[in-house]
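Reader: I would like a close look at a single part of this protein, set out step by step and then placed within the rest of the chain. Please take one residue as the starting point and work outward from there.

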Amino acid sequence: MFFALGYLGPASTHIGALVRSTGQGFDVVFDVLWVVLAALVVTWAWRGQGVRLHPSGVRQTWALGSLTVPWEALLAPEIHPAADDRRPWFPMRITEPHLVRRRGIPRSRRASRTDNVDPGFLAAVIGHYVAHPEHRAAIGTQAEYERLRAALAGNG
């Protein structure tokens with residue numbers, strides 16, 4: 001977030017330069033690209049990125065869009081990552097693709113990024129909520145988090 005705010009100062013000077021230099025072709029193209037980059041950085045900082053679980057499903061966001069997969073469209077993920085396998089994604093098993101909502105430019109249609117969370121833990125949590133729909137309404141509460149940790153610890 002602080003990177004995006006720090007980036008706004010130089011970007012705002014380039015917006016002024018863009019207005020003043022509309023007669024110079026190369027400067028205009030460069031300045032337009034600079035403004036687009038600034039908008040992407042601010043969007044990324046404002047919206048965040050990563051995987052979030054909601055009572056309605058799994059939502060993955062990035063600077064150029066989002067992917068929302070309702071719980072009803074998922075099967076429990078089968079993932080058993082090895083210690084040396086640190087892929088930043090795992091495949092989602094989508095059974096009802098017509099329920100999936102995409103906005104913007106899709107990053108992936110059938111994979112979930114795991115840049116900021118352990119893929120094994122995320123797969124276990126998604127599998128738990130697919131198997132136990134009665135707990136979905138409490139997602140996001142401290143009590144549900146503690147209950148989920150205890151349930152996952154009890155499963156192995």
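Author: Arginine 136 is a good place to begin: leaving out residues up to four places away in sequence, arginine 136 touches Pro55, Trp71, Glu72, Tyr129 and Val130. The model is a predicted one, and what follows should be read with that in mind. Arginine 136 lies in the loop between H3 and H4, and because its relative accessibility is 11%, below the 20% limit, arginine 136 counts as buried. One of its partners, tyrosine 129, is reached in a specific way, since the side chain of arginine 136 comes to 2.9 Å from the backbone oxygen of tyrosine 129.

Another partner, tryptophan 71, leads further into the structure. Not counting neighbours within four places in sequence, tryptophan 71 is in contact with Arg136 and Ile139, with Ile126, Tyr129 and Val130, and with a run of residues made up of Leu53, His54, Pro55, Ser56, Gly57 and Val58. Pro55, Tyr129 and Val130 thus appear among the contacts of tryptophan 71 and also among those of arginine 136.

Tryptophan 71 also belongs to the largest nonpolar core, which has 19 residues, and Trp71 is listed with Val69, Leu74, Ile94 and Ile126 as having the most contacts inside this core. Strand E2 (57–62), strand E3 (65–70), H3 and H4 each supply at least two residues of the core, and the largest share, 5 residues, comes from H3.

The loop that holds arginine 136 also holds alanine 138. Whereas arginine 136 is buried, alanine 138 is partly exposed, because its relative accessible area of 27% falls between the 20% and 50% limits. The C-alpha atom of alanine 138 is 8.9 Å from that of histidine 54, although 84 residues separate the two along the chain; histidine 54 is itself one of the contacts of tryptophan 71.

On the other side of tryptophan 71 in sequence, alanine 73 sits in the loop between E3 and strand E4 (74–75). With a relative accessible area of 0%, alanine 73 is buried. Apart from residues up to four places away in sequence, alanine 73 touches Arg93, Ile94, Thr95, Glu96 and Leu99, and Ile94 in that list is one of the core residues named above. Alanine 73 and histidine 98 lie 25 residues apart in sequence, with 8.5 Å between their C-alpha atoms.

Threonine 68, in strand E3, can be followed in a similar manner. Threonine 68 counts as buried because its relative accessibility is 6%, and its side chain makes a polar contact of 2.9 Å with the side chain of arginine 59. Leaving aside neighbours within four places in sequence, threonine 68 is in contact with Val58, Arg59, Leu99, Val100 and Arg101. Leucine 99 is therefore a contact of threonine 68 at a distance of under 4.5 Å between heavy atoms, while their C-alpha atoms are 8.8 Å apart and their positions lie 31 residues apart in sequence.The largest pocket, with a volume of about 290 Å³, brings several of these segments together again. It has 15 lining residues, and those closest to its centre are Leu53, Phe121, Leu122, Val125 and Leu148; Leu53 is also a contact of tryptophan 71. Strand E1 (50–54), helix H3 (119–131) and helix H4 (142–154) each supply at least two residues of the lining, and H3 gives the most, with 4 residues. By class, the lining has 10 nonpolar, 3 polar and 2 charged residues.

For the wider setting, the protein chain has 4 helices and 8 strands, which run from the N terminus as α-α-β-β-β-β-β-β-β-β-α-α. Of its 156 residues, 31% count as buried, arginine 136 being one of the buried residues. Among contacts between residues at least 6 apart in sequence, 48% join residues at least 24 apart.

Key
Residues are numbered from 1 along each chain as its sequence is written. This is a predicted model: local features need pLDDT of at least 70, side-chain atom pairs count only at pLDDT 80 or more; totals for chains, interfaces and linings use all residues. Side-chain values use heavy atoms; hydrogens and water are left out. On a 1 Å grid over the protein atoms alone, a cavity is a set of points where a 1.4 Å probe fits but cannot get out, and a pocket is an open set with protein on both sides within 12 Å along at least five of seven lines; lining residues have an atom within 4 Å of a point. Grid points are joined across faces, edges and corners, and a volume is the space filled by probe spheres set on the points. Ala, Val, Leu, Ile, Met, Phe, Trp, Tyr, Cys and Pro count as nonpolar, Asp, Glu, Lys and Arg as charged, and the others, Gly among them, as polar. A nonpolar core is a set of buried Ala, Val, Leu, Ile, Met, Phe, Trp, Tyr and Cys residues joined through side-chain atoms within 4.5 Å. Buried means under 20% relative accessible area, exposed over 50%, partly exposed in between (1.4 Å probe, protein chains only). A polar contact is a pair of N or O atoms within 3.5 Å; within protein, one must be able to donate a hydrogen and the other to accept it, and residues adjacent in sequence count only if both atoms are side-chain atoms.
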